[in-house]
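Let's take a walk through this protein, starting on one side of a helix and working our way around. Keep the model open next to you as you read.

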Amino acid sequence: MDLFEGILTRRSVRQFDTTKKISQSDLEDIIRAAQYAPSAHNKQPWEFFVITDKEQMTALRHVQPWTSFAKDASAVILVCGNTDEAFSRHKEDETWNYSDIDCSLASENLLLAAHAKGIGACFCGAAPMPKVIAGLQEMFSLPKNIRPLSIVILGYPKDEPKQPTDRFKPEKIHWNKW
Ligand SMILES: Cc1cc2nc3c(=O)[nH]c(=O)nc-3n(C[C@H](O)[C@H](O)[C@H](O)COP(=O)(O)O)c2cc1C
């Protein structure tokens, strides 16, 4: 699949063919692509928590209510940032941490790599929702410095996802002045 075509045709997939499982090597390939994302100061602060246990995937909805379709998934990947490793500043005048941004970019690579392999995926939010972050940390015994950014739900698509009409809005581009 051509990269540009892949970017335009990737859609969130929420209905899965429950008879088909994603192989471990495909999951590793997808995560490899995620690890090639850009990251602030090239810190690569990401960690990938892979869930394939049906009970755990089904239980995710108790922590993040818009993940109920994970019950039919083949795998779920929590893309987490190690906030101690991310490019950050903790000074009196400014405090910031690039963990969420780096993990967002890794998540998009992950979605596109899955799509390239014919695997459906949906990005579901974790950070910046404090209750979801705390719920996932508790559910999977994650250390406090491991901050889940996305819950990526994966499986082979049940149907061909519907494509939107053209999303391109030229009025969103501001050439040289607002
Ligand atoms: C930050 C973020 C959080 C999202 N959270 C959820 C979610 O909890 N559940 C869900 O089904 N989809 C979620 N989505 C997917 C969006 O609904 C989806 O990307 C959007 O409707 C556009 O559709 P597309 O991905 O097919 O282009 C989320 C997307 C983003 C970027």
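Start with the outside of H2: its face turned away from the buried side carries Ser25, Glu28 and Arg32, which are exposed. A quick caution before going on: this is a predicted model. Now flip to the other side of H2, which covers residues 24-34; here Leu27, Ile30 and Ala34 are buried. Those three sit on the same side of H2 because they cover an arc of only 65° around the axis. And what lies over them? The cover includes strand E1 (46-51), strand E2 (75-82) and helix H4 (99-116).

Helix H3, residues 54-63, can be read in the same spirit. Its buried residues are Met57, Leu60 and Val63. They span an arc of only 90° around the axis, so they too end up on the same side of H3. Glu55 and His62 are exposed, on the face of H3 turned away from the buried side. The cover over the buried residues of H3 includes E1 and E2, along with helix H5 (130-139) and E6.

That brings us to strand E6, which takes in residues 146-155. How many of its residues are buried? The count is 10 of 10, so E6 is mostly covered, with burial here meaning 20 or more other C-beta atoms within 10 Å of a residue's own. E6 has pairing partners to look at as well. With E2 it runs antiparallel, and 8 bridges join the two. To find your place in that pairing, pick leucine 78: its bridge partner in E6 is isoleucine 151. Strand E5 (residues 120-125) also pairs with E6 in the antiparallel sense, over 6 bridges. There you can use glycine 120 as a marker, since it stands opposite glycine 155 in E6.

Next, the ligand. Around it you'll find Arg11, Ser12, Arg14, Trp66, Thr67, Cys122, Phe123, Cys124 and Gly125. By type, this shell divides into 4 nonpolar, 3 polar and 2 charged residues.

Now go back to the loop between H2 and E1, where histidine 41 lies. Is histidine 41 buried or exposed? It has 11 C-beta neighbours inside 10 Å, and so it counts as exposed; the cut-off for that label is 12 or fewer. Histidine 41 is also worth tracing along the chain: tyrosine 98 is 57 residues away in sequence, yet the two C-alpha atoms are 9.5 Å apart in space.

Finally, zoom out. The protein chain has 5 helices and 6 strands. Reading from the N terminus, the elements go α-α-β-α-β-β-β-α-β-α-β. Long-range contacts show up in the chain-wide tally too: among contacts between residues at least 6 apart in sequence, 77% join residues at least 24 apart. Of the 178 residues, 33% count as buried. Along its principal axes, the C-alpha trace spans about 55 × 50 × 30 Å. As for the overall fold size, a compact globule with 178 residues would have a radius of gyration near 16 Å, and the protein chain has 17 Å, which agrees.

Terms used
Residues are numbered from 1 along each chain as its sequence is written. This is a predicted model: local features need pLDDT of at least 70, side-chain atom pairs count only at pLDDT 80 or more; totals for chains, interfaces and linings use all residues. Helices (H or I, at least four residues) and strands (E, at least two) are DSSP runs, numbered from the N terminus. The radius of gyration is taken over C-alpha atoms; the globule rule is 2.2 Å times the number of residues to the power 0.38. Two residues are in contact if their C-beta atoms, placed from the backbone, lie within 7 Å. A residue is near a molecule or strand if its C-beta atom, placed from the backbone, lies within 6 Å of it. Ala, Val, Leu, Ile, Met, Phe, Trp, Tyr, Cys and Pro count as nonpolar, Asp, Glu, Lys and Arg as charged, and the others, Gly among them, as polar. The arc is that of the directions from the helix axis to the C-beta atoms. Two strands pair if DSSP finds at least two bridges between them.
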